[in-house]
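Reader: I should be grateful for a close look at one part of this chain, namely the polar and charged side chains and what they touch. Please define each term where it is used.

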Amino acid sequence: MKKILKRYLLTTFLLSGLSITSTNSHALEVTPLLGYRGGGEFIDTLSGTKHTVDSSEVYGLIIGWPYERGKDIEIYYSHQSSRLNSVDISDPSTPTTNNVDIPLTIDYLHIGGTAPITEEDSYKTFVSGGLGLTYLSPDLNGLQSDLRASFSIGVGVKWPMTENISLRLETRGLATLFNSNSAIFCSGGCALSVNGSLFFQGEVSAGLAIKF
């Protein structure tokens, strides 16, 4: 968490310095963000076992630009380092099966935007959404990463702090698409056969939206 916070503060400091020298056209808005994401779960069709993903910190970046009055187009990226709990993994060198917790990183890359709910002088509320991809990467020998389609929807608020900088708070739900009874993390064998078509996560985040 300390490393993530240091990266966030350094990025925000550099972007804030750049915004001071920018023009007033404000064609671009960049938001380094920090947050916390609820884990989600997978259900193994073979055993009926529920495997949860640990809740943990996230960091990321939102890049946006005006589309029409009050609306923005945005590119959203976020990264989570977590753990998938209690998965039975077969050892190819022996006839044994081990129950392990799998280190798992989850990355989202979406393109979408925001639309206003209210626009007051002191704050602005908005809805957000996006479509894109989820990259699930297990850190365990013999398992392969998975790339899946996903979407997100959220609500948030911005409080202007200066002409160029606003505090952005947001809550966002994220859903990754799976075919029913599909397998994931396959490389020779598969770690899980998944029951269900969606993998849900929810997050809250905060960041400084810096206009250029």
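Author: The account below begins with the chain as a whole and then turns to individual side chains.

The model is a predicted one, in which local features need pLDDT of at least 70 and side-chain atom pairs count only at pLDDT 80 or more, while totals for chains, interfaces and linings use all residues. Residues are numbered from 1 along each chain as its sequence is written, and side-chain values use heavy atoms, with hydrogens and water left out.

The chain has one helix and twelve strands; these are DSSP runs numbered from the N terminus, a helix being H or I over at least four residues and a strand being E over at least two. Along the sequence the helix is followed by the strands, in the pattern α-β-β-β-β-β-β-β-β-β-β-β-β. Of the 212 residues, 40% count as buried, a term that means under 20% relative accessible area, with exposed meaning over 50% and partly exposed in between (1.4 Å probe, protein chains only). The accessible surface comes to about 11300 Å², and 59% of that area belongs to carbon and sulfur atoms; such areas come from the Shrake-Rupley method with a 1.4 Å probe, and for residues only the protein chains shown count as cover. Among contacts between residues at least 6 apart in sequence, 63% join residues at least 24 apart, where contact means heavy atoms within 4.5 Å.

Strand β12 (residues 198-211) contains Gly-202, and Gln-201 is found in strand β12 as well. Gln-201 counts as buried because its relative accessibility is 6%. Its side chain makes a polar contact of 3.2 Å with the side chain of Gln-80; a polar contact is a pair of N or O atoms within 3.5 Å, and within protein one atom must be able to donate a hydrogen and the other to accept it, residues adjacent in sequence counting only if both atoms are side-chain atoms. The side chain of Gln-201 also reaches the backbone oxygen of Gly-38, at 3.4 Å. Leaving aside residues up to four places away in sequence, the residues that Gln-201 touches include Gly-39, Val-53, Ile-106, Tyr-108 and Leu-174.

Gly-202 is partly exposed, because its relative accessible area is 34%. With residues up to four places away again not counted, Gly-202 touches Tyr-36, Arg-37, Gly-38, Arg-172 and Gly-173. The C-alpha atoms of Gly-202 and Gly-40 are separated by 8.0 Å, although these residues are 162 residues apart along the chain.

Gln-80 leads on to Ser-56, since a polar contact of 3.0 Å joins the side chains of Ser-56 and Gln-80. Ser-56 lies in strand β4 (residues 56-68) and is buried because its relative accessible area is 9%. Beyond residues up to four places away in sequence, Ser-56 touches Tyr-36, Arg-37, Gln-80, Ser-81 and Ser-82.

The charged side chains form nine salt bridges, each being a side-chain nitrogen of Lys or Arg within 4 Å of a carboxyl oxygen of Asp or Glu. In one of them Lys-158 pairs with Glu-29, the closest N and O atoms being 2.6 Å apart. This pair links distant parts of the chain, with Lys-158 in strand β8 (residues 146-160) and Glu-29 in strand β1 (residues 29-38), 129 residues apart. Lys-158 counts as buried because its relative accessibility is 12%, and Glu-29 is likewise buried because its relative accessible area is 9%. Lys-158 also lies over the face of Phe-126, at 5.9 Å from the ring centre; a charge sits over a ring if NZ of Lys or CZ of Arg is within 6 Å of the ring centre and within 35 degrees of the ring normal.

A salt bridge of 3.2 Å, N to O, joins Lys-71 and Glu-68. Lys-71 is partly exposed because its relative accessible area is 33%, and Glu-68 is partly exposed because its relative accessibility is 41%. Asp-146 and Arg-148 form another salt bridge, with the closest N and O atoms 3.0 Å apart, and both of these residues are buried. Salt bridges that share partners join Glu-74, Arg-168, Glu-170 and Arg-172 into one network. Arg-172 in addition lies over the face of Tyr-76, at 4.0 Å from the ring centre.
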